[in-house]
Amino acid sequence: MAGATCVKCRPDDVLDREARATADPVLFFGTIASGNQVMKDGPTRDRYSQELGGVLCFEMEAAGLMNSFPCLVVRGICDYVDAYKNKR
């Protein structure tokens with residue numbers, strides 16, 4: 001699979017998702033894991049989340065900051081870490 005949209009995707013690769021109930025932002029509170037490499041696929045993300053007690057998301061930009069000084073990292077989630085990434 002390649003490209004910015006699913007126009008060229010195989011039909012078996014397209015994942016139908018339910019329409020969102022609202023266009024309003026939704027806030028989630030929970031653990032954010034920090035690491036030093038890109039998480040490349042959903043099954044790996046889900047496995048690490050389960051092993052770490054239900055981590056909500058994984059980020060790289062703040063990796064190592066808490067080793068240097070106490071801080072709180074607030075992040076927006078930019079992708080699902082799966083095959084359906086879309087930079088638009």
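**Exercise 1. Work out how exposed Asp46 is and what its side chain pairs with.**

Start with the surface. Asp46 has a relative accessible area of 44%, so it is partly exposed. That verdict follows because partly exposed covers the range between the buried limit of under 20% and the exposed limit of over 50%. Keep in mind that this is a predicted model.

Next, look for a partner. Side chains of opposite charge can pair when their charged atoms come close. Asp46 makes a salt bridge with Arg45, and their closest N and O atoms are 2.8 Å apart. That sits inside the cut-off, which asks for a Lys or Arg side-chain nitrogen within 4 Å of an Asp or Glu carboxyl oxygen.

**Exercise 2. Count the salt bridges, then explain the spacing of the one between Arg47 and Glu51.**

Step one is the tally: the count comes to 2 salt bridges. You've already met Asp46 with Arg45. Arg47 and Glu51 form a salt bridge too, at 3.6 Å from N to O.

Step two is the spacing. Arg47 and Glu51 are 4 residues apart in helix H1, so about one helical turn separates them.

Step three is the surface. Arg47 is partly exposed because its relative accessible area is 41%. Glu51, at 54% relative accessibility, counts as exposed.

**Exercise 3. Find the ring that the charged end of Arg47 sits over, and check for aromatic pairs.**

Go back to Arg47 and follow its charged end. It sits over the ring of Tyr48, 5.0 Å from the ring centre. Now try ring against ring: the structure holds 0 aromatic pairs.

**Exercise 4. Lay out the fold of the protein from the N terminus.**

First, count the elements: there are 2 helices and 2 strands. Then put them in order, and from the N terminus you read β-α-β-α. Strand E1 covers 32-34, while helix H1 spans 42-51 and strand E2 spans 57-59. Helix H2 takes up 65-68.

Now for the whole protein. Of its 88 residues, 15% are buried. The exposed area is about 7,900 Å², with 55% of it supplied by carbon and sulfur atoms. Finally, take the contacts between residues at least 6 apart in sequence: 66% of them join residues at least 24 apart.

**Exercise 5. Decide whether Ser49 is buried or exposed, and list what it touches.**

Ser49 belongs to helix H1. At 15% relative accessibility, it counts as buried. Leave out residues up to four places away in sequence, and Ser49 touches Gly54, Val55 and Phe58.

**Exercise 6. Place Leu56 and name the nonpolar surface patch it belongs to.**

Begin with position: Leu56 is in the loop between helix H1 and strand E2. Then check its accessibility, which at 46% makes Leu56 partly exposed. To finish, look for nonpolar company. Leu56 forms a nonpolar surface patch with Val26 and Phe28, and together they have about 340 Å² of accessible area.

**Exercise 7. Compare separation along the chain with separation in space for Gly30, Val38 and Leu72.**

Take Gly30 to begin with, in the segment before E1. At 51% relative accessibility, Gly30 counts as exposed. Its partner here is Val55: they are 25 residues apart in sequence, and their C-alpha atoms are 7.0 Å apart.

Move on to Val38, in the loop between strand E1 and H1. Its relative accessibility is 44%, so Val38 counts as partly exposed. Val38 and Met60 are 22 residues apart along the chain, with 7.2 Å between their C-alpha atoms.

Close with Leu72, in the segment after helix H2. Leu72 is exposed, as its relative accessible area is 75%. Leu72 and Ala62 are 10 residues apart in sequence, and 9.8 Å separates them in space, C-alpha to C-alpha.

Terms used. Residues numbered from 1 in each chain as written. Predicted model: local features only at pLDDT ≥ 70, side-chain atom pairs only at ≥ 80, totals over all residues. Heavy atoms only, no water. Phe/Tyr/Trp six-rings, centres within 6.5 Å; stacked < 30°, edge-to-face > 60°. Lys NZ or Arg CZ within 6 Å of the ring centre and 35° of its normal. Patch = residues over 30% accessible without salt bridge, like charges linked within 9 Å, V, L, I, M, F, W, Y side chains within 5 Å. Areas by Shrake-Rupley, 256 points an atom, 1.4 Å probe, with all protein chains shown as cover. Buried < 20%, exposed > 50% of the residue type's maximum accessible area, 1.4 Å probe, protein only. Contact = heavy atoms within 4.5 Å.
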